[in-house]
Amino acid sequence: MQVLKFGGTSVANAENIHKVVTIVQQAVQKETLIVVVSAMGGITDALLQSGVLAASGDETYKELLQVSEQRHLETVKALIPVARQSSVLSWVKQRCNEIEDICNGVFLLGELSPRTKDRIVGFGELLSSKIISERLNSISVPNAWKDARELIVTDSNFGFATVDFANTNKKIAEYFSSATGSLFMIPGFVASDAQGATTTIGRGGSDYTAAILAAATDAGVVEIWTDVSGMMTADPRLVPNAKVIPHISYQEAMELSHFGAKVIYPPTIQPVMNKNIPVWIKNTFAPADYGTLIESRAVKNGSSIRGISSINKIVLLSLEGSGMVGIPGFSKRLFEALANERINVILITQGSSEHSICVGIDEASIQEARKAVDGAFAYEIETKKVDPLVVEQDLAIVALVGDNMKSHPGTSGKMFGALGRNGVNVRAIAQGSSERNISAVIAVSDVKKAINILHEEFFETTYKQVNLFVTGVGNVGSRLLAQLTQQRNYLEEQLRLQVRVVGIANSKKMVFNEDGIDLQNWKQLLENAAPMSLQEYIDVIRSKNLRNSVFADVTANDKVAECYDQLLSKSISVVACNKVACSSSYNYYKKLKDLAREYNALFLFETNVGAGLPVIGTLNDLLRSGDKVNRIEAVLSGTLNFVFNHYNGEKTFAEVVKQAQDEGYTEPDPRLDLSGTDVMRKIMILARETGERLELEDIHNISFMPEDCMKGDVDNFYGEMTKHEEHFKKLYAEAAKAGKKLKFVAKYENGKASVGLQHIDANHDFYHLYGKDNVVLFYTNRYTEQPLVVKGAGAGAEVTASGVFADIIRTAKM
């Protein structure tokens with residue numbers, strides 16, 4: 001004996017029913033078959049809505065019933081040959097008339113009792129099973145249709161009736177012991193009480209019907225045919241990379257189905273588990289797929305976790321007070337108060353101090369729960385022994401499920417560490433002594449993010465995903481996007497890392513795509529995108545709440561830098577090419593560093609000092625390893641180094657500066673470079689990284705630029721430089737006469753910093769510094785006479801973009 005159950009999507013229309021019939025035809029050739037079917041997809045809801053509309057006096061229930069009737073009649077016409085249609089159409093029409101008569105009565109009374117509701121919604125399965133039975137008969141596959149109400153006996157708890165297994169098993173045994181044939185068609189979901197009234201055994205109860213029949217007949221297997229290829233490691237609607245679970249234990253399946261995995265109805269497992277009957281989840285639309293086999297001992301999957309699930313719309317009830325400590329019976333009274341109102345407790349947690357107890361319930365029960373608990377503890381609340389009940393809403397439960405967790409220490413730490421690193425706040429935790437389930441209560445808004453984080457942590461062996469928002473697509477930003485495109489395969493194959501650009505913005509437009517923006521076509525997508533609003537852009541990034549989010553600022557905009565705190569406080573890492581934040585007030589710099597630590601995010605800005613050179617990284621490595629920095633000397637402006645390496649009086653100074661700007665070495669406003677302000681910012685950032693509390697005005701700047709050059713706009717700047725050409729020739733000539741070179745040098749020592757133009761002789765490390773190169777000398781306790789030297793290209797869009805790229809990769813390693 002084998003039991004096959006087909007869900008609502010499997011029997012939703014004639015096309016799908018043809019697939020069901022094919023599966024049944026193949027199976028019945030092997031052994032005796034019981035087939036259980038759900039109502040056609042959407043019919044149960046439509047019938048229920050019809051009853052509700054009728055009770056409220058809304059005559060549109062008739063239109064809804066007409067649509068349902070027509071759908072069934074059309075299905076009969078599509079499945080049954082014309083010569084055999086008459087009797088089937090007549091039977092369907094009679095049942096539909098019964099439904100309408102009942103709803104007419106409900107309309108007149110203005111009342112829909114639970115008993116009447118069960119009677120109405122139960123017709124869906126009766127109709128679908130009869131139509132499929134007649135289809136099989138019409139193609140010479142004989143079968144017996146049997147009304148489940150004549151086999152399954154329940155109490156009179158309409159809507160969620162409890163099965164009377166003694167009487168049910170007896171009736172099933174009697175029927176099948178005398179029945180002939182090898183194929184039986186039975187409607188799911190419906191049953192009857194001792195008085196013969198129609199009852200239902202819970203939404204999703206057709207699975208339960210199949211399990212009840214299988215247990216009573218000692219079937220070899222129960223097959224649940226649905227629209228997915230088995231139970232998944234997570235909800236595929238939330239996690240695109242969710243995988244089918246090929247093998248799972250009864251206990252694991254019950255845990256996952258209880259915590260929101262909709263593939264199987266939770267009570268289904270109990271009857272078959274007692275008889276050790278396997279349950280196989282199969283896909284009607286891909287019957288060759290293996291599916292999921294549920295049995296007593298599942299094959300190990302190489303992981304301590306079998307799956308991740310969640311329940312939304314949870315409310316936390318917290319009862320606390322000093323009067324609870326050491327007093328027996330508080331928990332009992334709390335659970336009794338809830339039980340008396342038929343409120344199911346989903347999660348329980350209590351601290352060892354006994355000062356508080358917290359339970360999770362369904363959001364729909366919030367009013368009844370509050371009233372019941374406040375009433376039960378009215379005296380204690382009035383006498384201040386217990387605080388009034390605290391109710392927290394908009395919550396959800398995320399659960400890890402797996403039999404093997406008990407033999408794998410560290411699973412909880414891994415779970416909560418991953419959630420914490422991504423800014424998911426855990427409100428309550430529960431874990432049974434079986435260690436089969438670890439549950440965490442979190443905000444509903446964090447569910448998708450949390451499940452993806454945990455799935456990546458426990459199941460993703462292919463790659464880690466980084467969700468990147470790029471702000472600024474000028475010289476550096478556009479090259480960054482090109483480098484990301486070029487390195488995509490390398491990152492996935494060598495680093496197991498997928499960097500997905502999900503947001504791009506410039507000063508005019510912004511575009512988002514959670515599935516990843518096509519980097520081959522980003523310019524056109526951005527051009528046709530929504531107008532840029534910086535605060536709206538930041539709000540969207542925060543609201544998307546994607547795991548492993550990184551914000552890359554490739555602008556020089558002070559307004560963008562002022563938004564970093566909003567991102568870091570949401571556990572979104574910030575990679576800043578923009579120097580404004582780190583060179584603004586020390587308090588803001590410190591605030592950003594503190595926020596990054598507090599919210600488990602990274603605030604990285606390597607390119608602030610040396611473009612792609614590992615200057616800040618090297619400095620931090622020295623400090624982390626216990627060294628002390630005593631002095632820093634550096635040429636930190638690739639622009640100024642380029643200018644002084646190329647200026648010899650043959651071209652005007654203004655022409656050399658313009659060349660540097662045209663080749664992409666200068667800041668967007670070259671006056672920042674020529675005034676020394678940019679170098680001041682860089683040496684200040686390095687000093688701050690050593691722990692020095694330094695402001696920009698504390699740095700002594702020995703400027704070489706005539707004051708007139710720094711007035712007005714950029715055009716005026718170039719004009720004034722041309723006028724003052726003799727000044728620049730004089731600077732060059734004095735250095736050349738002494739056999740020295742001009743270098744703009746930054747220095748930090750003993751808490752003091754300065755920048756200025758210096759004459760460098762041939763024996764100095766700075767003398768042989770060519771092109772746009774930068775160099776930084778670190779004099780430390782370990783590097784006393786011979787400094788640690790970091791040297792290389794310190795300007796240029798390509799190397800700067802590579803520095804930003806490197807910081808993005810660093811965020812993935814946290």
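Two strands count as paired if DSSP finds at least two bridges between them. The model on display is a predicted one, and the tour opens with a pair of strands that meets this criterion.

**First stop: the six-stranded sheet**

Select residues 629-635, strand β24, together with β26 (741-749). Four bridges join β24 to β26, and the two strands run antiparallel. Within this pair, isoleucine 632 of β24 stands opposite tyrosine 748 of β26.

Now extend the selection to the whole sheet. It is open and consists of six strands in the order β25-β27-β26-β24-β28-β29, with mixed pairing. At its edges stand β25 (700-702) and β29 (788-793); each has a single partner strand, so one side of each is left without a neighbour in the sheet. Direction ignored, neighbouring strands here are turned by 15 degrees against each other on average.

Next add helix α24, residues 615-624. This helix lies across β24, β28 (773-780) and β29, and runs at about 10 degrees to β28.

**Second stop: two residues with positive phi**

Remain with the six-stranded sheet and move to the loop between β26 (741-749) and β27 (752-760), where asparagine 750 is placed. Asparagine 750 is not a glycine, yet its phi is positive, at about 50 degrees. Most residues other than glycine have a negative phi. Is asparagine 750 buried or exposed? Its relative accessibility is 67%, and because the cut-off for exposed is over 50%, asparagine 750 counts as exposed.

Then select arginine 496, in the loop between α17 (488-494) and β18 (497-505). Arginine 496 also has a positive phi, near 55 degrees. With a relative accessibility of 48%, arginine 496 counts as partly exposed, because that class lies between the 20% and 50% limits.

**Third stop: the eight-stranded sheet**

Turn to the open sheet of eight strands, which has the order β3-β4-β2-β1-β7-β9-β10-β8 and mixed pairing. The edge strands are β3 (144-145) and β8 (247-249), each pairing on one side only.

Select β3 and its partner β4, residues 183-187: two bridges join these strands, which run parallel. Here alanine 144 stands opposite phenylalanine 184 of β4.

Add helix α8, residues 205-217. Helix α8 lies across β1 (2-6), β2 (33-37), β4 and β7 (221-226), and its direction is at about 160 degrees to that of β2.

**Fourth stop: serine 128**

Serine 128 belongs to helix α6, residues 123-138. Show its surroundings: which residues does serine 128 contact, leaving aside its neighbours within four places in sequence? They are Val37, Ser38, Ala39 and Met40. Serine 128 has a relative accessible area of 2%, and because buried means under 20%, the residue is classed as buried.

**Last stop: the second largest pocket**

Finish at the second largest pocket, with a volume of about 670 Å³. Its lining comprises 36 residues, and those closest to the centre are Val476, Cys577, Thr666, Glu667 and Pro668; these five are a convenient selection for centring the view.

To see which helices surround the pocket, display α16 (475-486), α23 (607-610), α25 (638-646), α28 (677-689) and α31 (797-812), each of which supplies at least two lining residues. Colouring the lining by class gives 13 nonpolar, 17 polar and six charged residues.

Terms used: Residues numbered from 1 in each chain as written. Predicted model: local features only at pLDDT ≥ 70, side-chain atom pairs only at ≥ 80, totals over all residues. Heavy atoms only, no water. 1 Å grid on protein atoms, 1.4 Å probe; cavity = no way out; pocket = protein on both sides within 12 Å on 5 of 7 lines; lining within 4 Å. Points joined across faces, edges and corners; volume = space filled by probe spheres on them. Nonpolar A, V, L, I, M, F, W, Y, C, P; charged D, E, K, R; others polar. Contact = heavy atoms within 4.5 Å. Axes fitted to C-alpha atoms, helices over the stretch in contact; angles between N-to-C directions. Buried < 20%, exposed > 50% of the residue type's maximum accessible area, 1.4 Å probe, protein only.
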